[in-house]
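Trainee: I should like to understand the reasoning behind the terms used for this structure. May we go through them in turn?

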Amino acid sequence: MVKKEKVIQVKNLVKKFGDFVANDHLTFDVYKGEIFGFLGANGAGKTTAIRILCGLSIPTSGDISVAGFDAYTQTENIKKNIGYMSQKFSLYEDLTITENIKFYAGIYGLSDKEIKQKSDKLIQKFNLSDKKNKLIKSLPLGWKQKLAFSIAIIHNPKIVFLDEPTGGVDPITRRQFWDLIYEAADAGITVFVTTHYMDEAEYCNRLSIMVDGKIEALDTPENLIKQYKVDNMDQVFLKLARKTNA
Amino acid sequence: MRTIKFIIQKEFKQIFRNKSMLPMIFVIPLVQLLVLVNAATFEIKNIDLIIVDKDLSSTSRQLTAKFNGSAFFNVVKTTFSVQQAEDYLYQDIGDLVLVIPQNFEKQLVKNQKADIQLLINAIDGVVAGLSNYYATSIIAGLNKEVITRWYGVSKGNSAYKQISIQYSHWYNPELNYKTFMVPGILVLLITNIGLFLAGMNLVREKEIGTIEQINVTPIKKHHFIIGKLIPFWIISLFELALGLIIGKLVFDIPIIGSLWLVFSVTAIYMLVVLAIGLFISTITENQLQAMFFAFFFNLVFILMSGLFTAVESMPTWGQILNKINPIAYFIRVMRMVLLKGSTFIDILPEIISLSMFAVLMFSLAVWNYRKTS
Amino acid sequence: MKRFIGFLKKEFYHIFRDRRTLIILFGMPVAQVLLFGFVITNEIKNVKIAILDHSKDEITKQITNKILASEYFILDKNLSSDNEIESIFKAGNVKEILIFENNFAKKLEKYGKANIQIITDATDPNTANLIVSYTSAIILNYSNRLNVQSNVPMQIQTKTRMFYNPELKSVFMFVPGIMAMILMLISAIMTSISITREKEMGTMEILLVSPLKPAQIIIGKVMPYVILSFINAVTIIVLGMYVFGMPVQGSIPLLLAENVLFILLALSLGILISTTTDNQQAAMMKSMFGLLLPTILLSGFIYPIENMPIALQIVANLMPPRWFIIIIKDIMLKGTSFAFVWKETLILVAFTLFFLIISIKKFQIRLE
């Protein structure tokens, strides 16, 4: 892949909560159109970092720019250019599929015509025309997550942030979900995804692995496997975790 | 502006989809209005009287007959023992004991002076005071009659001085307390609904996690808050209209002032209430907390507002505290406009205060709602 | 049993970890009792009046002084003509206008009769009624005194004794009412919400599949609130005694026992509410709207029940706080023993059982 425009630039990002250092001098860049994996055990500081990149939280120090905007002062500009889907399920359970689409598209400022087109396209794509007026709460989790993702990119953002998007669903649905991610990346959307499924890690173009608030490794999956002289990502991860524990 | 529209649409859908909430919003309050307005009276009608007539003379009989005939008293027991009567008082069988001692009439003729005793259950101090007054004035009436009987009309009249009191009640000559309570209870109901719906609303999104998704959108804070306010605002105004119709049809409340004025002030007032609700939402973490905050302020504001008890009777610090009580202002305005026909100029000070509250609370709610932590 | 104790501990942790709620739970009753004890009164105090004295003689001056010397009334303005009446009422401050007819003293001397006219602003009819009565009482008192001084023949003198509350403090009325209201609302709301919360979060299911019996679950959930509410009840009683000078004439153990009974009643009502809904918001609205106004209006807390229309008096009988307030007043102010409040107590017990049985029925239906 051609290394071109940097859409996320992070230099020495630090975030402290009191004495606790959640993010300890993170430095990395994410390029346009790539699928960037953000790995780490629970509590490693992934969610803290992603919240900063999304403009939900202000960093303690470091130089951070997302989609060309500063993460301290231009959080609202950042928000115009990103999509976000969190591990906590984010659609309104008591609204229907179309109502959710319309609502989120609406607050991102899409015109009525665009909203209509997008929502028709989405419903067609997922074959949901008979279910489109069903409440979200009546759908299975896998469907909810696929919809949540599609709605998170309904306004064609430059970057989409996915915080453990596939938690709790079966492997087949996860596979389908990754098809959607590839589709988005092909359309030029940069995908920033956190996960702790190691098989998913291998779907990413590049990976960073966080341990205790620091980035311990950053490269393509193939290079990482080579560098640590193991067979798969699982072992890379274990090795890194063991290294810091020792 | 367009974003506000989408939020409003969404809120309305969610409100009307919550089937267990709809009766709470539209039915229960109106039923309460219909029923509870009837309860709010201090008018004293049936003071349960126990008579101890140890004299059994014509004068004492004349007196007991007067009590029997009075609209205020209701003779429940007669006995010859004061002790027995006190027991009745103790057991709540009667509220007031009239004791006419033995030789009452004789004393009156011989000494030109005689005593009558009243024993009153004073747990409710106000009722006790009034009962005392009613009883005393009946006795004074008897006194005059007795003098007239013994000394003739002319002597009786000039000797026993009587100041007669005529009273008239303006704006509500029949002392119909219902017309007074309807506006007040109406205020209370729309306040409750607005405060709790708004108070629970934002914090609910926090609890279920959707707020995060909103915060990551480029939506403007004040657009979001305005979008959340408007649906409840419309519902409250609608509720007010419904309540006024019931008030007019069922309780025949006079609507003397301008309805435009009523609704305009309500619109301002509801902004205050809803902004307080949303402000509570922003400072709490879950619905339970939000509810308790709302409950606390609500109860304090309501009980201090002059809805049930007169504001004038409060200690000075209570009245000063009431200067920051929006419900007090609004109840005052509603009563003035609806019942007295006060005009815009009359209620201008209240309108200014309410508008200031609205601006202040709305700013606080917007300021305290953080999209970025 | 061991399992049950573990569960009970969890419930306590839930409550005591949430500092904010805890502060509200303990702080709110104290703040409310203090506030309302001082502020809520149906006594008349400092009512603004205006006087239109056409006579301006010795007697009218004396009467005016008497009226203004009471703490009930303060003079807002001396009027000079009838035309001012309307405008002074519209302005909204003056509630009563006293009009003495001309040659007042002369008429009283000569004919034994003179007239005072009272006009009230009756937009608040309750207050209007009270202030007319208060004013009349002062005037009656004055004329009685006048008669005593002038050696009128055949005087009947009335001696009044006020029982149980000789200083006619309105606080004595309101402390029991506030107590009933706070215990009722806090207990019922807390239980209904904490149970529906488990339902909404889905944790209720987990509890139901656990080996705990449904009754144990409910008892475990309710137990912390029994203790919490009991502490609140004691706090309110102590405040009533030491801040407002409420006597406790009767037995303190009996008083506390009645409080526990009432708390149980409120909690079982909370449980009943929680069986009718599965979201917190609805549970809260039900407890709030179903209980707040009826507890204030139909319990005899502020408005005497005897004065209400008959139909409403019957409805009021269905309000548990009404009976609780009677019990509390009897025990605290009259020193009544159990022999005199057993009927009211029995009613409270009946309500409690009734709520519990219905809840259990509803709960079982849900499980099937």
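**Chain dimensions and contacts**

Mentor: Let us begin with chain C of this predicted model. Chain C has a radius of gyration of 27 Å, whereas a compact globule of 368 residues would have one near 21 Å. Along the principal axes, the C-alpha atoms of chain C fill a box of roughly 95 × 45 × 40 Å.

Trainee: How do you know what radius a compact globule of 368 residues would have?

Mentor: The rule multiplies 2.2 Å by the number of residues to the power 0.38. For 368 residues this comes near 21 Å, and chain C, with 27 Å, does not match that value.

Trainee: What makes a residue of chain C count as buried, and what percentage does so?

Mentor: A residue is buried if 20 or more other C-beta atoms lie within 10 Å of its own. By that test, 46% of the 368 residues of chain C count as buried.

Trainee: Which pair of chains shares the most contacts?

Mentor: Chains B and C do, of the two pairs of chains in contact. Here 100 residues of chain B are in contact with 98 residues of chain C. Helix α7 (residues 125-151) of chain B gives the most to the side of chain B that touches chain C, with 18 residues. By class, that side has 58 nonpolar, 31 polar and eleven charged residues.

Trainee: What makes strand β5 of chain B and strand β4 of chain C a pair?

Mentor: Two strands pair if at least two bridges are found between them. Strand β5 (residues 162-170) of chain B and strand β4 (residues 113-121) of chain C have nine bridges, in the parallel sense, so they pair. Within β4(C), I118(C) is the bridge partner of Y167(B).

Trainee: Why are chain A and chain C said to have no contact?

Mentor: A contact requires the C-beta atoms of two residues to lie within 7 Å. No contact joins chain A and chain C, and their closest C-alpha atoms lie 13 Å apart.

Trainee: How is chain B divided into domains?

Mentor: Chain B has domain 1 (12-40 + 175-368) and domain 2 (47-159). The C-alpha centres of these two domains of chain B lie 49 Å apart.

Trainee: What share of the contacts in chain C with a separation of 6 or more joins residues 24 or more positions apart?

Mentor: Such residues account for 79% of those contacts in chain C. The secondary structure of chain C comes to 14 helices and five strands.

Notes. Residues numbered from 1 in each chain as written. Chains lettered and ligands numbered in written order. Predicted model: local features only at pLDDT ≥ 70, side-chain atom pairs only at ≥ 80, totals over all residues. Helix = DSSP H or I, 4+ residues; strand = E, 2+ residues; numbered from the N terminus. Nonpolar A, V, L, I, M, F, W, Y, C, P; charged D, E, K, R; others polar. Domains from an automatic or database assignment. Buried ≥ 20, exposed ≤ 12 C-beta atoms within 10 Å, placed from the backbone.
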